[in-house]
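Student: Could we go through this structure together? I should like to start with one side chain and work outwards.
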Amino acid sequence: VPKKATSHTKGMDLLKLSLIKSLSFARTPHYDNALFYLAYYPDYEIAHRFFYTARKEFLFFDFTKSVPDNMKRQIFSCLMETLQAKRECSNHLLLQHYITPLYYFYDFCCEMHIEDIQKITRKEADRFPEYLSTHMDAISKSATQVLYRVRKQLFLSAKATDFSSYVWFLERFSLEETRVNPTRTLDAFYFDDVENPFHREIFQNYLKYLLVLSPKYSLRKILMKYYMVKDFLRFLDERNILLSALTESTIKEFISYRADLELQPETFNTTLIDLSSFLHCIALRENLQIPDFSFDYYLKKTFSLHHDRSVPEDDVDAILTILYKFPEYLGLMFLTLYSTGLRINEVCSLKRGALFVDNGTCFLKTYQDGKSNPHPGRSLLFTYPVPKKNGFLFGLHLSIHKKCKQTVPGSHLFQADEDLA
């Protein structure tokens with residue numbers, strides 16, 4: 001396709017565009033093993049956007065190439081979803097940040113003979129930025145993000161959750177509020193860097209058990225187990241040892257390796273407990289012959305340590321005297337810290353629904369997990385009474401918020417001034 005369209009080509013484009021405009025309704029095209037030209041998209045509003053595009057080569061997606069059909073369908077699906085989702089984007093933004101990167105990513109997948117985008121390994125993904133540097137004229141920051149976007153689109157739009165995918169986006173799962181710590185968000189679990197297919201499958205089955213089949217674990221606890229298992233599997237892969245051939249000496253070697261990292265006793269003990277839980281689980285669920293091992297023998301002695309994080313009264317008084325000079329949301333956040341004893345990250349993550357009134361008293365509710373939690377796998381709901389004056393200020397702050405901006409369900413209680421504009 002020439003870089004500059006000739007007058008004859010423009011004439012054909014105008015004729016096709018007028019034909020599309022005459023259609024009584026817009027339709028979404030279906031995948032076909034043919035050349036797909038975005039300027040002929042069967043929706044006049046979308047097709048007209050590409051008529052004045054200078055470099056039209058990026059508007060052609062050649063699905064006649066002799067590459068895996070599944071991968072071509074995945075690219076086509078993402079292309080259709082992008083065109084619909086980004087209708088409000090400017091042409092420049094749409095082309096530079098979405099269409100052109102997807103065009104190059106499709107070429108990359110063809111060159112690498114990728115069969116399934118959701119099963120791209122870390123080594124293959126690391127080659128994509130290098131491919132862009134040698135093929136793309138000017139690389140935008142968003143160009144390298146196209147792999148992430150395509151993976152996410154495919155995983156979230158699938159009719160059924162594909163647990164064989166090498167990346168699991170947590171947006172797909174409806175986790176209970178008690179399992180999620182709003183101060184420590186997590187986007188996805190990655191399995192693409194586990195090179196051994198046998199280990200990767202076992203790892204995915206174990207995470208599926210923790211995340212879906214065993215809802216007693218919080219996301220924070222699952223993340224700790226996730227990192228421990230990934231480290232253990234990496235340790236085995238470096239030594240070419242399979243889980244099915246695991247021995248006591250290998251487990252001892254791994255414990256020695258972790259001990260050499262000079263971890264805190266609590267962290268070291270957590271590693272052993274999580275490893276024991278993982279091996280016990282796969283022995284039952286995967287029917288593997290895992291040797292009996294006494295992890296208790298290697299546990300380290302721990303001591304309770306109290307961290308005094310109290311603020312001197314003089315410092316508190318000094319802040320209170322100049323609090324009126326603070327932006328409104330910062331002043332309210334400090335009053336909340338001072339009157340409830342919540343941590344900073346807990347105050348920052350408070351949602352609008354956290355504030356409620358019961359029998360004339362204002363309360364804040366938040367989820368916490370920690371050493372004092374009798375159920376360490378899950379977060380517990382705590383409520384804190386709030387002084388009347390604070391409650392009045394909260395109500396005033398929220399009323400201003402409603403006037404300045406449409407309330408969004410699940411939005412944060414404290415909004416910065418620029419967010420209210």
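Student: Is Arg 234 buried, partly exposed or exposed?

Tutor: Arg 234 is partly exposed, as its relative accessible area is 39%. Buried means under 20% relative accessible area, exposed over 50%, and partly exposed in between (1.4 Å probe, protein chains only). This is a predicted model, in which local features need pLDDT of at least 70 and side-chain atom pairs count only at pLDDT 80 or more, while totals for chains, interfaces and linings use all residues. Residues are numbered from 1 along each chain as its sequence is written, and side-chain values use heavy atoms, with hydrogens and water left out.

Student: Which side chain does Arg 234 meet in a salt bridge?

Tutor: Arg 234 meets Asp 231, at 3.5 Å from N to O. A salt bridge here is a side-chain nitrogen of Lys or Arg within 4 Å of a carboxyl oxygen of Asp or Glu. Both residues lie in helix H8 (residues 219-238), three residues apart, about one turn of the helix. Helices (H or I, at least four residues) and strands (E, at least two) are DSSP runs, numbered from the N terminus. Asp 231 counts as buried, at 10% relative accessibility.

Student: And what does Arg 239 pair with?

Tutor: Arg 239 forms a salt bridge with Glu 253, and their closest N and O atoms are 3.1 Å apart. Arg 239 lies in the loop between H8 and helix H9 (248-259) and Glu 253 in helix H9, so the pair ties together parts that are 14 residues apart in sequence.

Student: How many salt bridges does the structure hold?

Tutor: There are 17 salt bridges. One of them joins Glu 346 and Arg 343, with the closest N and O atoms 2.5 Å apart. Glu 346 is buried, at 6% relative accessible area, whereas Arg 343 is partly exposed, at 48%.

Student: Turning to the interior, which residues have the most contacts inside the largest nonpolar core?

Tutor: They are Phe 61, Phe 105 and Ile 117, in a core of 51 residues. Such a core is a set of buried Ala, Val, Leu, Ile, Met, Phe, Trp, Tyr and Cys residues joined through side-chain atoms within 4.5 Å. Helix H4 supplies the largest share, twelve residues.

Student: What does Phe 105 touch?

Tutor: Not counting residues up to four places away in sequence, Phe 105 touches seven named partners, including Ile 75, Ile 117 and Phe 128. Contact means heavy atoms within 4.5 Å. Apart from this core lies another, of 43 residues, among them Tyr 206 and Leu 275.
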